[in-house]
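Dear colleague,

I am handing over the structure we spoke about, and I would be glad if you could look through it before reading my notes underneath.

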Amino acid sequence: MTQTRRGFLKSSVLATGAAIMISDPYKTLAESIPSNFRSGKMHLRFYPYTLELKHTFTLAASSRTTTPIVLTEIEYNGIVGYGEASMPPYLGESHASVHAFLSKVDLGKYDNPFNLEQILNDIDDIEFGNYAAKASIDIALHDLIGKLMGQPWYKIWGYDEQKTPYTSFTIGIDKPDIIKLKTEEAAEYHVLKVKLGRETDKEIIQTIRSVTSKPITCDVNQGWTSKETALEMLHWLKEHNIVMVEQPMPKERIDDLSWLTERSPIPIIGDEGVQRLQDVKKAVGVYHGINIKLMKCTGMREAHKMLMLARSLGLKVMLGCMTETSCAISAASHLSPMVDWADLDGALLIKNDIFNGTKIIDGKIKLMEKPGIGAVKL
Ligand code: MG
């Protein structure tokens with residue numbers, strides 16, 4: 001990219017970023033609520049749980065069979081909002097860290113849950129990081145507010161539930177016979193997501209292509225180290241009907257990623273390199289789009305802002321998840337009518353879901369017409 005174009009993008013990004021921050025969907029929410037909903041005390045409860053995965057989950061740098069999560073409940077005037085923190089080990093949070101963080105949260109000092117901006121800003125300021133722990137409060141508050149308003153969040157945000165996309169279904173790195181089996185098991189899904197980033201990349205794609213021709217998205221999880229080899233691979237992937245690639249190279253290699261994005265025949269999406277709202281404008285020129293996940297960005301409030309900002313900057317948007325119950329998946333799904341790609345298969349990959357919520361029907365995301373996040377505890 002030339003210096004002039006970089007300069008232009010930088011100034012237009014700053015201008016658009018500033019404009020977006022002024023229009024805040026939550027700003028007048030508290031004032032619009034009937035006064036009888038504006039008094040009381042919020043009570044936070046939380047407890048650990050461990051998700052059991054159906055298959056061993058292998059990424060470029062790790063393997064595992066369980067995911068620790070923490071479930072939250074915020075009770076207010078007899079109504080309970082549900083939330084969840086999911087902590088895949090490589091992100092550094094754990095049962096212990098989430099317990100320690102949530103123990104510092106005092107919701108008793110707020111009169112009502114509608115002052116979401118203030119409450120969540122205060123919680124964000126308690127300590128750096130702890131994104132999943134923060135998301136567990138954010139999701140429970142959104143669930144509570146939606147229940148008090150009697151509306152699901154996709155309606156509060158004004159999104160059309162008919163426009164939900166297909167979700168991709170993830171096939172982890174594995175031996176060819178297991179990959180074939182997993183691909184056959186995924187017959188219901190219209191888009192597959194394949195984990196790459198090892199020497200076996202071409203073999204994995206060829207194995208899947210021997211079984212199906214459906215669209216595939218790839219996630220390299222920062223696994224490629226040479227930009228020239230990465231570009232050759234992207235051309236090869238395009239020939240095999242791969243529709244986009246997530247995080248092909250390490251997130252610190254900004255210049256290499258920009259070089260690749262300028263030349264790639266298919267969209268490149270930043271995941272590890274784009275965590276929170278402040279990272280969105282930095283993604284312009286480095287990636288074609290961003291992957292928004294509630295557990296990276298502290299929840300629904302910030303995810304929604306990231307979506308709005310990314311759209312205004314011309315970035316593509318993917319909506320992703322960790323392995324999660326249908327609680328956090330339902331929460332994320334309310335944004336799905338607005339995204340280019342959804343990867344909300346987290347609850348499909350576990351054996352012990354304890355919520356009934358957003359469903360995947362014939363591969364398509366189906367939002368529940370229930371107030372809040374639309375997840376019911378089993
Ligand atoms: Mg990813």
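What follows is a short account of the metal site and of two backbone angles.

Please keep in mind throughout that this is a predicted model. I begin with the magnesium ion, which is coordinated by D219 through OD, by E246 through OE and by D271 through OD, at 2.1 to 2.2 Å. Along the chain, these donors follow the spacing D-x26-E-x24-D. Within this set, E246 and D271 link distant parts of the chain, being 25 residues apart, with E246 in strand β7 (residues 242–246) and D271 in the loop between β8 (268–270) and α10 (277–280). E246 has a relative accessible area of 0% and is therefore buried, and D271, with a relative accessible area of 2%, is likewise buried.

The second topic is the backbone, where the background is that most residues other than glycine have a negative phi. N130, although it is not a glycine, has a positive phi of about 55 degrees, and this residue is found in the loop between α3 (116–126) and α4 (131–149). D362, also a residue other than glycine, has a positive phi near 50 degrees, and its place is the loop between β13 (359–361) and β14 (364–366).

Are these two loop residues, N130 and D362, buried or exposed? N130 is buried, since its relative accessible area is 12% and the cut-off for that term is under 20%, whereas D362 counts as exposed, since its relative accessibility is 56% and that term applies over 50%.

With kind regards

Conventions:
Residues numbered from 1 in each chain as written. Predicted model: local features only at pLDDT ≥ 70, side-chain atom pairs only at ≥ 80, totals over all residues. Heavy atoms only, no water. Helix = DSSP H or I, 4+ residues; strand = E, 2+ residues; numbered from the N terminus. Buried < 20%, exposed > 50% of the residue type's maximum accessible area, 1.4 Å probe, protein only. Donors = N, O, S within 2.8 Å, 3.2 Å for Na, K, Ca; no water.
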